[in-house]
Amino acid sequence: MATEVEIDGVPMSGLLAVAELPRAVVVALHGGATNSAYFDCPGHPELSLVRTAPALGFTVLALDRPGYGSSRPHADRFARPEQRVDAALAAIDAHLGSLDRGAGIFLWGHSLGCELTVRLAADPRSTGLLGIALAGTGREHHAEARDILGTAAKYADPKGVYALLWSHPEIYPPDLVGGAPIASRTPAYEATVTARWPHTDFPALAAQVRVPVHFTAAEHEKVWRGDPQALDDIAAMFTAAPRVELHTEPDAGHNLALGFAATSYHSTVLSFVQECIDGRSTP
């Protein structure tokens, strides 16, 4: 399942699970301070996207984003967005190689992984893309997060951030609360990503996305606003997308793919992927 390729002298790792007769390929991009294991839910295979999606006909590549996994020692080579996009496009193509891609590729991002997801979707080289799914992000921080998250003038409160990311611990398997099994060091460039994303880069890039978009807000999300008005504001940014579907996942928190609601969340998004496939053949 673990896979690695070399892109311009840099190893790029991930997890690859191949469906026998794939309907499509899902490329999943994890958030900050974690790695591709986020989509494999350590110790709980029944909640793992990587393990359950192939049985439903979807090949899954959970890619370690540039600066994570085996590319972590080379994180300084990914400071600019175009460097990350170039590396990710090349890595996806190299990992998949000659594998059957079915109807095409669908991108699925979580939290800080949404930045790379939207950049890839907006890139003109991403031809034939089926659609994208986003979760764990937004345009405005939740009221409970505003005094906890860091700014240019002060550092974030670590205990407060922990409480935001793992609010309602009862909705997660106890051994995963806190994220130790999936923890990873964060590349330095993500400080810039975090500062620019909600107000500058997200709206600018969203307007360039020309494929269907699925956006999930967790019921117990405490980092980003997920109320109806906030979701409508997010949908309104995707002015060139043929369709934007908004979804609120009950009994879920920020780390949707690690909670007991992961199966429901994955099923909802995979159903959307199938709708994107069907839309290809229906005018």
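Entry 1, the largest pocket. I take a pocket to be an open set of grid points with protein on both sides within 12 Å along at least five of seven lines, and I count a residue as lining if it has an atom within 4 Å of a point. The model I am reading is a predicted one. With that in hand I looked up the largest pocket, which holds about 1,200 Å³ of space and is lined by 41 residues. Nearest its centre I found Leu-112, Leu-149, Val-161, Leu-165 and Thr-194.

I then asked which helices supply at least two residues each to this lining, and noted helix H4 (158-165) and helix H5 (190-206). The most comes from H5, which gives 8 residues. Sorting the lining of the largest pocket by class, I recorded 20 nonpolar, 18 polar and 3 charged residues.

Entry 2, the second largest pocket. Its volume is about 240 Å³, and of the 13 residues lining this second pocket I listed Leu-89, Ile-92, Ile-105, Ser-126 and Thr-127 as the closest to its centre. Two or more residues of the lining come from each of helix H2 (81-96) and strand E5 (105-110), and H2 has the largest share, with 3 residues. By class, I wrote down 6 nonpolar, 4 polar and 3 charged residues for the lining of the second largest pocket.

Entry 3, the sheet. I followed the strands across and found an open sheet of 8 strands with mixed pairing, in the order E1-E2-E4-E3-E5-E6-E7-E8. Strand E1 (2-7) and strand E8 (244-249) are at the edges and have a single partner strand each, so one side of each is left without a neighbour in the sheet. Ignoring direction, I noted that neighbouring strands of this sheet are turned by 20° against each other on average.

I looked more carefully at strand E3 (residues 24-29), which runs parallel to E5 and is joined to E5 by 5 bridges. As one residue pair to check by eye, I marked Val-26, whose bridge partner in E5 is Phe-106.

Entry 4, helices on the sheet. Helix H3 (residues 113-122) packs on the sheet, where I found that H3 touches E3, E5 and strand E6 (131-135), and that the direction of H3 makes about 150° with that of E5. Helix H6 (residues 228-237) also packs on the sheet, touching strand E7 (213-218) and the edge strand E8, and I recorded an angle of about 150° between the directions of H6 and E8.

How values were computed: Residues are numbered from 1 along each chain as its sequence is written. This is a predicted model: local features need pLDDT of at least 70, side-chain atom pairs count only at pLDDT 80 or more; totals for chains, interfaces and linings use all residues. Side-chain values use heavy atoms; hydrogens and water are left out. On a 1 Å grid over the protein atoms alone, a cavity is a set of points where a 1.4 Å probe fits but cannot get out, and a pocket is an open set with protein on both sides within 12 Å along at least five of seven lines; lining residues have an atom within 4 Å of a point. Grid points are joined across faces, edges and corners, and a volume is the space filled by probe spheres set on the points. Ala, Val, Leu, Ile, Met, Phe, Trp, Tyr, Cys and Pro count as nonpolar, Asp, Glu, Lys and Arg as charged, and the others, Gly among them, as polar. Two strands pair if DSSP finds at least two bridges between them. Axes are lines fitted to C-alpha atoms, for helices over the stretch in contact, and angles run from 0 to 180 degrees between N-to-C directions. Contact means heavy atoms within 4.5 Å.
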